[in-house]
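Please look over the model shown here before reading on. The notes below take up its metal site and its nonpolar core.

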Amino acid sequence: MSPEFTIERIQARILDIPTIRPHKLSFGSIQRQSPVIVQLWLRGGACGFGEAATIGGPSWNEESPESIAHAIESYLAPAVLGQKAGGIEQLLARMDLACKGNAFAKSAVEMALIDALARTLGIPAWQLLGGKLHESLPLAWTLASGDVERDLQEAQLRLEQGRHRIFKMKIGARAPQDDVAHVSRIARGLPATATLTVDVNQAWDGNTARRCLPQLIEAGVTLIEQPVAKWNVPALRQLAQELRGALIMADETVCTPQDAMLLAREQAAHVFSLKVAKHGGLLRTRKVAAIAEAADIGWYGGTMLETSIGSAASAHVFSTLPGAHHGCELFGPQLLVDDIVEQKMTIQDFALQLPDGPGYGLTVSPSQLDRFDRALAGRQPV
Ligand code: MUC
Ligand code: MG
């Protein structure tokens, strides 16, 4: 990389994009997503795009769109401006020095940097990330309207369209027995070709999980995501070791490589949900994935309901990962009323076709960015 490629300018903006329907999770219901879109310009090189999306402000974890934009503008951009663009690990170290934690904010900057580098070189990002091992990944859809009939109609349509046959249900907001009844009704309504998974988003204590998960497995659920609190590794461990007929997937519990090591050592998860934002970027996603591979833990390509920018960047890194996988859920662009790129990634044969082309293979639409820009619209945070 020529020394002339230095980081010249970074801009972060918050967008507000409505969802096509309310999306209900254990901690609330969202009607819009507010991704932070980062644009990073290289002197003598290309401009790249990155994204960090949270769900429900700071409800999923500590970071919110506002805190992400603030961390980037006040601490992360000053730490990397004027630096050589090719030293990605050094730039990550500079960001760590300037700012503890804030993994989502760092991931958006690193994502834009890798896009800019790859575009400058005229290569797809997956080439900078180790090379592609997968051309497509089975793509899950989340049934989270909260209404059985609507969920079943959604599932039926998506099966007919050849788009999805893995369905994830978000539970944990209602009384546990009501959730079991709801999932069981959906399970009975789905054809045998469909796979059903659940995400409890930390809502249950260990005893509730021990009582209800066997009933969900009996109903046909095969993959169970984050049934207990992020900190509750003992309960995860016991569930992973004692439940039969379904796999336990860690999501909120597995963010850093140290979290991954703990879960591997404790044998407390069968699968890791990987998410570029919570791991703090594409390179760090690969580090967590390497621990999964070494510990015989499977991976799943998770989402924070990003637009096509964050989803395509995630797809690029997921396409490079070895080890056993359980598909992905990069369906964020489909849940939003509109996108900010000219063309979405292709979905065919129930799988996301992993993108090619320089950078993340996208053409970002400036007018769509302006259309949803919170500052331009004078909107307030949720
Ligand atoms: C999560 O916890 O997995 C991703 C899809 C969805 O519906 O919620 C998220 C976050
Ligand atoms: Mg989850």
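Questions and answers on this structure follow.

This is a predicted model, in which local features need pLDDT of at least 70 and side-chain atom pairs count only at pLDDT 80 or more, while totals for chains, interfaces and linings use all residues. Residues are numbered from 1 along each chain as its sequence is written, chains are lettered from A and ligands numbered from 1 in the order written, and side-chain values use heavy atoms, without hydrogens and water.

Q: Which protein donors does the magnesium ion (ligand 2) have?
A: Donors are N, O and S atoms within 2.8 Å of the metal (3.2 Å for Na, K and Ca); water is not among the atoms, so sites may look incomplete. Here they lie 2.0 to 2.2 Å from the ion. Their spacing along the chain is D-x25-E-x25-D. The donors are Asp199 (OD), Glu225 (OE) and Asp251 (OD).

Q: Is Glu225 buried or exposed?
A: Buried means under 20% relative accessible area, exposed over 50%, and partly exposed in between (1.4 Å probe, protein chains only). The relative accessible area of Glu225 is 2%. Glu225 is therefore buried.

Q: Of the 127 residues in the largest nonpolar core, which touch the most other members?
A: A nonpolar core is a set of buried Ala, Val, Leu, Ile, Met, Phe, Trp, Tyr and Cys residues joined through side-chain atoms within 4.5 Å. In the largest one, the residues touching the most other members are Ile72 and Phe272.
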